[in-house]
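Open the model in your viewer and keep the sequence beside it. We will make a few selections, one stop at a time.

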Amino acid sequence: MLSLVVGTGRCGSTLVQELLSRHPAVGFVSGLDDKLARLNPKGRFNGALYRRSAPRPPGMTSLRHSRRLLERGRFRVAPSEAYRLLDRQVLAGFSRPCRDLVAEDLTPYVARRLRTFFDERIARQGCQQLVQHITGWPRTGLLYAAYPDLRVINVVRDGRAVANSWLQMGWWDGWRGPDNWIYGPLPSDLREEWVESGRSFPVLAALGWKMLMEAFAQARLRHPDDQWLDVRYEDLVEQPREQVGRMLDFLGLSWSTAFEKGFSRYDFPAGRAAAYRDELSPAQLAAVERSLEKPLAEWGYPV
């Protein structure tokens, strides 16, 4: 069975993906598979190798953004979004669409390639669940059209924290403006809001989060209620055992002794939960909060 861990990016979805991949019944596409995209590896030994390794240390970049297969003495077999592989083996525009990919975008040709891509890896890895990580646009509609039993774990984080983190990432292309960034043009109301802010980059990052969150809300409407689970990152770091238990139950997996061994190796520091308060100026934070007041309230984040 195929399941997804999705989120806006910089929302904690990587932590969720890595935690779930510690389960012996879970398979995944690794960063090494993605790095060797031309060889199209199926990741037969991904789980066995990954579950022997320690959690990724702070500051260790993803293999996708590294030129090396070895970093800090470790062979990089951690879960990956695998965008090189998906672009090459499934759909050339999967990694950088200008809008969400929905069921209507699934052609018979792409459906065959999509099923082949994941079914071959499920069979080769012998897993009960293959969990794929996706950030940015949800793309869940496209995958649900090919896999009607698809389950989705949507990781949500405070939009102020996400916007602040995006501004610090080298891959964030908002500095080029919304006519040139990955998400396509802003809707007219959001563009007007950005112009009124003096074309503030913190506000633009906040608008990007707001636009993606609306896309996730629309995507959820297309899925059966029992096949979609929202998890707040803040709840995860405060109650890791309870929230991870919810996710395992959702995926039909038990909390086994083997999983406990992997789970117990993780720390869940909440130290940067409100770092945006120190890393944005009072005026910048106020502008971001004005823009995000409604969606923050809807997700239970006090302003």
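**Stop 1: a buried histidine**

Select His-223, which counts as buried because its relative accessibility is 5%, and buried means under 20%. Bear in mind that this is a predicted model. His-223 is in the loop between α9 and β7 (228–232).

Which side chain makes a polar contact with the side chain of His-223? Add Thr-140 to your selection: the two side chains are joined by a polar contact of 3.3 Å. Now show the other residues that His-223 touches, setting aside its neighbours within four places in sequence. Besides Thr-140, they are Gly-141, Tyr-144, Leu-150, Val-152 and Trp-228.

**Stop 2: two crossing helices**

Next, select helix α7 (residues 159–167) and helix α9 (residues 201–221). Their axes come within 8 Å and cross at roughly 125 degrees. The two helices are therefore oblique to each other. The crossing of α7 and α9 is right-handed.

Show the side chains at the contact:

- From α7, pick Gly-159, Val-162, Ala-163, Trp-166 and Leu-167.
- From α9, pick Phe-201, Pro-202, Ala-205, Ala-206, Gly-208, Trp-209 and Leu-212.

Colour these residues by class. You get 10 nonpolar, two polar and no charged residues in the contact of α7 with α9.

**Stop 3: an enclosed helix**

Finally, select helix α1 (residues 13–20). How many of the eight residues of α1 are buried? Seven are, so α1 is largely enclosed by the rest of the structure. Click through the buried residues of α1: Ser-13, Leu-15, Val-16, Gln-17, Glu-18, Leu-19 and Leu-20.

Technical notes
Residues numbered from 1 in each chain as written. Predicted model: local features only at pLDDT ≥ 70, side-chain atom pairs only at ≥ 80, totals over all residues. Heavy atoms only, no water. Axes fitted to C-alpha atoms, helices over the stretch in contact; angles between N-to-C directions. Helix = DSSP H or I, 4+ residues; strand = E, 2+ residues; numbered from the N terminus. Parallel < 35°, antiparallel > 145°, perpendicular 65-115°, else oblique. Left-handed = near helix turned anticlockwise from the far one by under 90°. Contact = heavy atoms within 4.5 Å. Nonpolar A, V, L, I, M, F, W, Y, C, P; charged D, E, K, R; others polar. Buried < 20%, exposed > 50% of the residue type's maximum accessible area, 1.4 Å probe, protein only. Polar contact = N/O pair within 3.5 Å; in protein donor to acceptor, adjacent residues only side chain to side chain.
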